[in-house]
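Reader: I have a structure here that I would like to go through with you. Could we begin with the sheet and then turn to the open and enclosed spaces?

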Amino acid sequence: MEREGYTLGIDCGTQSARAVIVRVSDGSIVSESDMAYPHGILTEKLPDGTGLPKGFVLSMAEDYLEVLPAIVQEAMRRAGIRAENLIGIGVDATSCTVVPCMADGTPLALMQEYRQNPHGYIKLWKHHNVKEQAERIEALARKRGEKFLSYYGGMVSCEWMLPKVLQIYEEDRQIFHKTAHYVDLCDWLTWRLTGILTRSVNSAGFKGLWSAEEGDISQDFLNGLHQGFGSAYYEKVLDGPIFLSGACCGRLCPAAARWLGLSAGTAVSSGMMDGHASVVSLGMKRAGEMAVIVGTSNSIPLLADHLTAIEGFCGVVRDGIIPGFYGYTAGQISTGDMLDWYISNIVPARYEEEAKRREMTLHGLLAEKAGISCPEKNPLTILDWWNGNRSVLCNQQLSGAIWGLTMATRPEEIYCAMLQGIACGTRVIMERGRACGIQIDRVFACGGIPRKNPFFMQQYANILDMPVYAANEAHSSAHGSAVCAAAAAGEERGGYAGLVQAMERMHINDLTEYRPQREHAADYERIYQRYCDLYWLLGSRSREALASVKEGDGFYEKRTN
């Protein structure tokens, strides 16, 4: 009788990390473990009290080094398996989260001489203090007619690798030259595991301006930003071979085996962005399928069988998510963050007391109250831009808005409008894709929020006006990484011949279908159109952008009532 094989999936999120042990034969999660990062997110000061400039969002390398062995060993203990039963390891992480490293992969901020320098620390994906750099990169690309811009919706985001590294080059040339490599977090993790620096097609394509058609951004363009910057950027950022999702990028080295308490030689899959790992977990392998990964922010990846330029999308990469497809991605920066802000700062104490008395969460109480107060008639409109707009306006400097407040407004109406605003923002993204010829005929949702908030998912189905299939699994990203690990192991070691084959056997099957409430279809359409009115009125960069929106183009229909 053959021994049952297992894989390990590790997901490094914004504020915590989780590990899952998954059975290879059917994809079942047999154990899980999670842990918050001890230092959390650094936005005001470094641990020694050194103040941070406004807009800096950093994390500490120590947190990953401490948390990962703890969650891996706890997951292994709960699974009751031995290290030799593990055939593969997969990792995913928030992106683009930039790790400045020495030549051996040691993060700069672990060295005493750089402990007081913010530019030596890990810059999280939502480090938006690079707006000026992103705008200059975009302006130069437009002036030169750079083809790469068409793959990224005609824009350059503050969240990508180049503007973050350019900021360091311009603000602290000494530390820039001391740094051997700038690596996205998912690639740093695989480097730590294998001892070999490699790049993932997922991160290189969506966050590093690489494409299968054009390769890396040219040195000539980079030198247009600063003479001599091009060669340094190639050396420090674009080093290492690129691997597809689910490909084996190396094997667990002895040092990493000791660090995690596992067996050296275990296959390691190429890293992924956390949201895109959920696509693997959901088993998405057909053109026209889209996922909404609801967490701190919303990642919205979708699959298509052809290449087209979509203004305002974050990128399109051939084989970038699932081999054999063009992967497109868009997103919303502040979703779970916005809800947490409201819960933590605005909800009255009497609601908190009621939730405690009834042994409910505040989210559960607000959803219950919103559900019985005719949500389809909610008079409020909320623009979900608490931390800017990632797609379609692509402006991280935009701020949120609440329209329709009166003295009679209740807390649950604001909460409901926030959920509806998030769903409306997703539909704007969908309609932009459809207007550009991208078919979208099936929508999945995953993450902790969809599993715990049925009312939210029903609002999604009503506003998108199509069924939404929500995964009843909290750790879909980690699960997706575990599926990639089975592909990386290969058939000869008890895994699968490729990623698609692994997905067919191991994807999540436990889904809840939410269907639109057709009796309220007209009401929800009015909610969406009201959102669009404000979206374009307050969010357009110019009057010309507002005027360019054509009536009846499938993206925005001018209200006539």
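Reader: In what order do the seven strands of the open sheet run?
Author: This is a predicted model. In it, the seven strands follow the order β16-β17-β15-β14-β20-β21-β22, and their pairing is mixed.

Reader: Which strands stand at the edges?
Author: Those are β16 (315–318) and β22 (511–514). Each has a single partner strand, so one side of each is left without a neighbour in the sheet.

Reader: By how many degrees are neighbouring strands turned against each other?
Author: On average by 25 degrees, with direction ignored.

Reader: What packs on the sheet?
Author: Helix α14 (411–435) does, and it touches β14, β15 (298–304), β17 (326–332) and β20. The direction of α14 makes about 145 degrees with that of β17.

Reader: Let us look at β14 and β20. Do they run parallel or antiparallel, and how many bridges join them?
Author: β14 (residues 289–294) and β20 (residues 442–446) run parallel, joined by five bridges. Within this pair, I293 has C446 of β20 opposite.

Reader: And how do strands of a sheet pair?
Author: They do so through backbone hydrogen bonds, in either a parallel or an antiparallel arrangement.

Reader: Changing topic: what is the volume of the largest pocket, and which residues lie nearest its centre?
Author: The volume of the largest pocket is about 1200 Å³. Its lining has 49 residues, and those nearest the centre are V294, G295, T296, S297 and G448.

Reader: Which helix gives the largest share of that lining?
Author: Helix α11 (residues 336–345) does, with four residues. By class, the lining of the largest pocket divides into 16 nonpolar, 24 polar and nine charged residues.

Reader: What about the second largest pocket?
Author: Its volume is about 530 Å³. It is lined by 21 residues, with G55, V57, K126, H128 and N387 closest to the centre. For the second largest pocket, α11 gives the most to the lining, again four residues. The classes there are seven nonpolar, nine polar and five charged.

Reader: Now the enclosed spaces. How many cavities of 30 Å³ or more are there?
Author: The structure holds four of them. The largest cavity has a volume of about 180 Å³, and the second largest has about 50 Å³.

Reader: What lines the largest cavity?
Author: There are 19 lining residues, and M161, Y182, D187, R199 and V237 lie nearest the centre of the largest cavity. Strand β8 (181–184) and helices α6 (201–207) and α8 (229–237) each supply at least two lining residues. The largest share, four residues, comes from β8.

Reader: How many of those lining residues are charged?
Author: Six are charged, alongside nine nonpolar and four polar residues.

Reader: And which residues line the second largest cavity?
Author: They are L380, T381, I382, A417, Q420, G421, C424, I527, R530 and Y531. Here β18 (381–383), α14 and α19 (521–539) each contribute at least two residues, and α14 has the largest share with four. The helix that packs on the sheet therefore also lines this second largest cavity. By class, the second largest cavity has six nonpolar, three polar and one charged residues in its lining.

Reader: On to charged pairs: how many salt bridges does the structure hold?
Author: There are 31. One of them joins the side chains of R115 and E62, at 2.6 Å from N to O. R115 lies in the loop between β6 (98–101) and β7 (122–123) and E62 in helix α1 (residues 61–79), so this pair ties together parts that are 53 residues apart in sequence. In another salt bridge, R358 and E354 have their closest N and O atoms 3.2 Å apart.

Reader: Finally, the backbone. Which residues do cis peptide bonds join?
Author: One such bond runs from S95 to C96, with omega near 10 degrees. C96 is in the loop between β5 (86–93) and β6. Another cis bond joins S391 and V392, where omega is about 15 degrees. V392 sits in the loop between β18 and β19 (401–403).

Reader: Is phi of D319 positive or negative, and where is this residue found?
Author: Phi of D319 is positive, near 65 degrees, in a residue other than glycine. D319 belongs to the loop between β16 and β17.

Technical notes. Residues are numbered from 1 along each chain as its sequence is written. This is a predicted model: local features need pLDDT of at least 70, side-chain atom pairs count only at pLDDT 80 or more; totals for chains, interfaces and linings use all residues. Side-chain values use heavy atoms; hydrogens and water are left out. On a 1 Å grid over the protein atoms alone, a cavity is a set of points where a 1.4 Å probe fits but cannot get out, and a pocket is an open set with protein on both sides within 12 Å along at least five of seven lines; lining residues have an atom within 4 Å of a point. Grid points are joined across faces, edges and corners, and a volume is the space filled by probe spheres set on the points. Ala, Val, Leu, Ile, Met, Phe, Trp, Tyr, Cys and Pro count as nonpolar, Asp, Glu, Lys and Arg as charged, and the others, Gly among them, as polar. Two strands pair if DSSP finds at least two bridges between them. Axes are lines fitted to C-alpha atoms, for helices over the stretch in contact, and angles run from 0 to 180 degrees between N-to-C directions. Contact means heavy atoms within 4.5 Å. A salt bridge is a side-chain nitrogen of Lys or Arg within 4 Å of a carboxyl oxygen of Asp or Glu.
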